[in-house]
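Colleague: I should like to learn how to read the features of a model such as this one, step by step. Could we begin with the vocabulary?

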Amino acid sequence: MFDAYLANWLVLVAVFAAAVVSPGPDFVMSVRNSLLHGRRAGIFTALGFALGVLVHASYAVLGIGALIQHSLILFSIIKYAGAGYLIYIGIQALRSQGASAAAVEMSLKDGAHMPKSDWSSLRDGFLTNLLNPKATLFFVALFTQIIDPSMPLAIKALFGLTCGVMVGLWFSLVAVLMAQPGVRRRYLALSAKIDKVLGVLLIGFGVKVALSRA
């Protein structure tokens with residue numbers, strides 16, 4: 001049964017791969033959490049991204065995405081909620097004084113004393129992805145072109161799951177790379193400046209989201 005939809009699936013993988021590796025709010029959040037709090041926090045952030053993608057894919061498959069695309073009120077709610085969250089995280093980064101070596105090393109250890117909890121990292125990833133209206137419109141546009149309404153539900157679910165797995169794997173790889181000791185040492189030397197840059201980027205993405213049109 002899947003053979004009949006293999007071409008569609010390959011197109012989905014190619015287009016979505018290009019979108020995933022493009023720098024955006026998810027990438028900035030992944031880099032910041034991985035560098036500041038370690039590999040585990042980065043991986044849980046990646047899982048949060050994946051869960052957000054599954055939500056986007058689900059409503060795109062069910063047709064709710066088309067309603068959001070044509071409803072100014074719904075689009076505006078998602079847009080301003082997402083913009084506000086990105087700007088809030090960005091301001092926090094701008095106010096950061098950097099990280100000490102001891103704080104970073106402690107954050108890399110599993111246990112109750114981890115400064116950044118697994119849930120907090122997961123939430124960062126989930127909300128950053130879910131509240132991005134451009135992701136909403138991207139999935140609506142992509143799935144409208146690739147998924148035929150007559151497709152079996154199992155195939156549609158597979159397409160959505162593929163996107164979630166791709167995001168989770170890519171940003172887990174980013175987390176592993178960014179949490180390497182060599183990268184971490186360089187980060188510690190420049191942590192305050194890096195936080196300022198990432199903060200500006202997050203605020204910039206937030207403003208861009210707020211000014212986006214349906």
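Modeller: A helix is a DSSP run of H or I covering at least four residues, and helices are numbered from the N terminus. Please keep in mind throughout that this is a predicted model.

Colleague: How many helices and how many strands does the chain contain?

Modeller: The chain has ten helices and zero strands. Its pattern along the sequence is accordingly written α-α-α-α-α-α-α-α-α-α.

Colleague: What share of the contacts links residues 24 or more positions apart?

Modeller: One takes the contacts with a separation of 6 or more as the reference set; in this chain, residues 24 or more positions apart account for 87% of them. One such pair of positions is asparagine 8 and isoleucine 146, which are 138 residues apart in sequence while their C-alpha atoms are 5.8 Å apart in space. Asparagine 8 belongs to helix α1 and is partly exposed, at 26% relative accessible area. Beyond four places in sequence, asparagine 8 touches Ile146, Met151 and Phe159.

Colleague: What separates the C-alpha atoms of lysine 156 and tyrosine 5?

Modeller: These atoms are 10.0 Å apart, for residues separated by 151 positions along the chain. Lysine 156 sits in helix α9. Is this lysine buried or exposed? Its relative accessibility is 12%, so it counts as buried, since the cut-off for that class is under 20%.

Colleague: How should I read burial for the chain as a whole?

Modeller: One reads a fraction of residues and an exposed area side by side. Of the 214 residues, 44% are buried. The chain exposes about 10,800 Å², and carbon and sulfur atoms supply 70% of that area.

Colleague: Which residues touch the most other members of the largest nonpolar core?

Modeller: A core is read as a network of buried nonpolar residues joined through their side chains. The largest one here has 26 residues, and Phe16, Phe139, Phe143 and Phe159 touch the most other members. Two or more residues each come from α1 (6-21), α2, α3, α8 (133-146) and α9. Helix α9 gives the largest share of this core, seven residues. To examine one member, take phenylalanine 143: leaving out residues up to four places away, its contacts are Leu12, Ala57, Ala60, Val61, Phe159, Gly160 and Cys163.

Colleague: Which residues form the nonpolar patch on the surface?

Modeller: The patch consists of Leu51, Leu54, Leu161, Val165 and Leu169, which together have about 430 Å² of accessible area. Helices α3 (39-62) and α9 (153-178) each supply at least two of its residues, and α9 gives the most, namely three.

Colleague: Why can leucine 54 qualify for a patch when it is merely partly exposed?

Modeller: Leucine 54 has 31% relative accessibility and is therefore classed as partly exposed, whereas patch membership requires over 30%. Leucine 54 lies in helix α3. Its backbone oxygen is reached by the side chain of serine 58 at 2.7 Å. Serine 58 is also in α3 and is partly exposed, at 38%. The C-alpha atoms of serine 58 and leucine 161 lie 9.2 Å apart, with their positions 103 residues apart in sequence.

Colleague: Where does the side chain of serine 34 reach?

Modeller: It reaches the backbone oxygen of serine 30, at 2.7 Å. Serine 34 is part of helix α2 (residues 25-37) and is buried, with 1% relative accessible area. Apart from neighbours within four places, serine 34 is in contact with Arg39, Gly42, Ala175, Met178 and Ala179.

Colleague: How many salt bridges does the structure hold, and which side chains meet there?

Modeller: There is one salt bridge. It joins the side chains of arginine 40 and aspartate 118, with an N to O distance of 2.8 Å. Arginine 40 is in helix α3 and aspartate 118 in helix α7 (residues 118-130), so the pair ties together parts 78 residues apart in sequence. Arginine 40 is partly exposed, at 33% relative accessible area; aspartate 118 is likewise partly exposed, at 23%.

Technical notes: Residues numbered from 1 in each chain as written. Predicted model: local features only at pLDDT ≥ 70, side-chain atom pairs only at ≥ 80, totals over all residues. Heavy atoms only, no water. Patch = residues over 30% accessible without salt bridge, like charges linked within 9 Å, V, L, I, M, F, W, Y side chains within 5 Å. Areas by Shrake-Rupley, 256 points an atom, 1.4 Å probe, with all protein chains shown as cover. Salt bridge = Lys/Arg side-chain N within 4 Å of Asp/Glu carboxyl O. Buried < 20%, exposed > 50% of the residue type's maximum accessible area, 1.4 Å probe, protein only. Polar contact = N/O pair within 3.5 Å; in protein donor to acceptor, adjacent residues only side chain to side chain. Contact = heavy atoms within 4.5 Å. Core = buried A, V, L, I, M, F, W, Y, C linked by side-chain atoms within 4.5 Å.
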